[in-house]
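Hi,

Here is the structure I promised to pass on. Have a look at it first, and my notes follow underneath.

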Amino acid sequence: MLKTFKQHIFSDFPNIKDKKILIATSGGVDSVVLAHLFSKLDFKTELAHCNFQLRGKESDMDAQFVEELGKQLKCKFHLKKFNTAQYSEENKVSIQVAARELRYKWFSEVADSNNIDHIATAHHADDNLETFLINLSRGTGLDGLTGIPKQNENIIRPLLPFSKEQILTFAKANGIDWREDQSNTETKYARNKIRHNIIPTLKELNPNVLSSFTKTINHLSESRVIVDEKVSEVLTKIQSKEGDVIKINIEKMLKLSNKKAYLYEVLKNYNFTEWSNVTDLLEGQTGKEIYSKSHVLLKNRGFLLLKERNQNMNDNHKFYIEKDVEEIEEPIKLAFKNTDKKETVTKNYVLVNKNLVTFPIILRKWEEGDFFYPIGMTGKKKVSKFFKDEKLSRFKKGQTWLLCNANNEIIWIVGMRQDRRYSIDSSTTNILQISI
């Protein structure tokens, strides 16, 4: 295995020979063998061990073992204790996700503070197959079927071509000790169920399943390159950027032979999960929105607009609100309904003579030269003068929205003052209530 490992390293990672490498070392056979292999090839390595404090004394004994391994291999040793359970609870993520987030963040910190070039993890061919099957069972696109990448930025995975069996054989043949994590034998986690129940069956059906799987992964990865090239070509035609907002041209998107597939490729990195709702947005009404945990996707006339949540659009951006829209969530929350009441308006809602309104109405930020006819006053007033009289800060001015008729006349400085041209009187019968 050492000979094959050496060939693989110098073939697939030709630039790391003289680099410093931090080996993520749990104490299990995979990471321990990886540390020994690098040591035998005289690489400059350091060991990093995470104590997640999930298995009591066993966790502490793992840390002690890796520290001794560092002394044996003459490698600098880094140790970090985490309160993983607390992090999991506070961030509302599973223990597995918590451990992954904590360790990779810490690995990066260690690498930065010690001038380390690469972080090496001990993922192997069996891990790759497990990940493929997990993604397949949950539903995934082509990305989820191309396996674990051999390199992500400064993270490398040199054992991906090797099976668990090869790693164990090397360890036993070379008298290498390691620690066994008993939690790996439990089947309450999806990965362990696949590892202990499904993969052994696959190996019975086909003893060469790992080899066959590796060939499949390579074919899919090559297909991924072709897809990426085509998607990049299409994106230049259908997508543009306006400030922090990505604009997707709906008319051009609908002309594509497989619009759903392209829409997925455009939006896959923005944490959307309800893809049927996303594709329905192409033909949905203006003002409709879809949320992910990080972004909002808005249908605005001929475009889908993508932006980060809780971030203001470009100040010059306009939102168009169609006649039948009952509410909007972005950029501010507004509700629209027909009503018969004629009570006094407040700062939080206005009553508008709907017969005077031409749709789509426009929600926008104020512009120099804007004026309106404030209700309760005679004559007109510049919006800038109104803001000055109201003692609005520059920051507050930038947060204020204007609701305008289709001809750009102001209906309401939202949350502040209505324009009297669109107010109701005793004879008005078609009334629109607009509320914050």
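Let me start with a helix pair: H6 (residues 125-138) packs against H8 (residues 190-205) at an angle of about 105°, and their axes are 10 Å apart. Angles of 65 to 115 degrees count as roughly perpendicular, so that is what H6 and H8 are to each other. On the H6 side the contact is made by Asp126, Asp127, Leu129, Glu130, Thr131, Leu133 and Ile134, while H8 brings in Arg191, Ile194, Arg195, Ile198, Ile199, Leu202 and Lys203. By type, the residues of this contact split into seven nonpolar, one polar and six charged. Bear in mind that this is a predicted model.

Now the cores. The largest nonpolar one has 29 residues, and Phe5, Ile16, Ile23, Leu34, Phe38 and Leu159 have the most contacts inside it. At least two residues each come from H1 (2-12), S1 (20-24), H2 (29-40), H3 (57-73) and H7 (164-173), with H2 giving the largest share, seven residues. If you want one residue to click on, try Ile16: beyond its neighbours within four places in sequence, Ile16 is in contact with Ile9, Ile21, Phe38, Phe43, His118 and Ile156. There is also a second, separate core of 23 residues, including Ile328, Ile332, Trp412 and Ile434.

As for the whole chain, it has 14 helices and 22 strands, and 43% of its 436 residues count as buried. The radius of gyration is 30 Å, whereas a compact globule of 436 residues would be near 22 Å. The C-alpha trace spans about 95 × 50 × 40 Å along its principal axes.

Cheers

Notes: Residues are numbered from 1 along each chain as its sequence is written. This is a predicted model: local features need pLDDT of at least 70, side-chain atom pairs count only at pLDDT 80 or more; totals for chains, interfaces and linings use all residues. Side-chain values use heavy atoms; hydrogens and water are left out. Axes are lines fitted to C-alpha atoms, for helices over the stretch in contact, and angles run from 0 to 180 degrees between N-to-C directions. Helices (H or I, at least four residues) and strands (E, at least two) are DSSP runs, numbered from the N terminus. Angles under 35 degrees count as roughly parallel, over 145 as roughly antiparallel, 65 to 115 as roughly perpendicular and the rest as oblique. Contact means heavy atoms within 4.5 Å. Ala, Val, Leu, Ile, Met, Phe, Trp, Tyr, Cys and Pro count as nonpolar, Asp, Glu, Lys and Arg as charged, and the others, Gly among them, as polar. A nonpolar core is a set of buried Ala, Val, Leu, Ile, Met, Phe, Trp, Tyr and Cys residues joined through side-chain atoms within 4.5 Å. Buried means under 20% relative accessible area, exposed over 50%, partly exposed in between (1.4 Å probe, protein chains only). The radius of gyration is taken over C-alpha atoms; the globule rule is 2.2 Å times the number of residues to the power 0.38.
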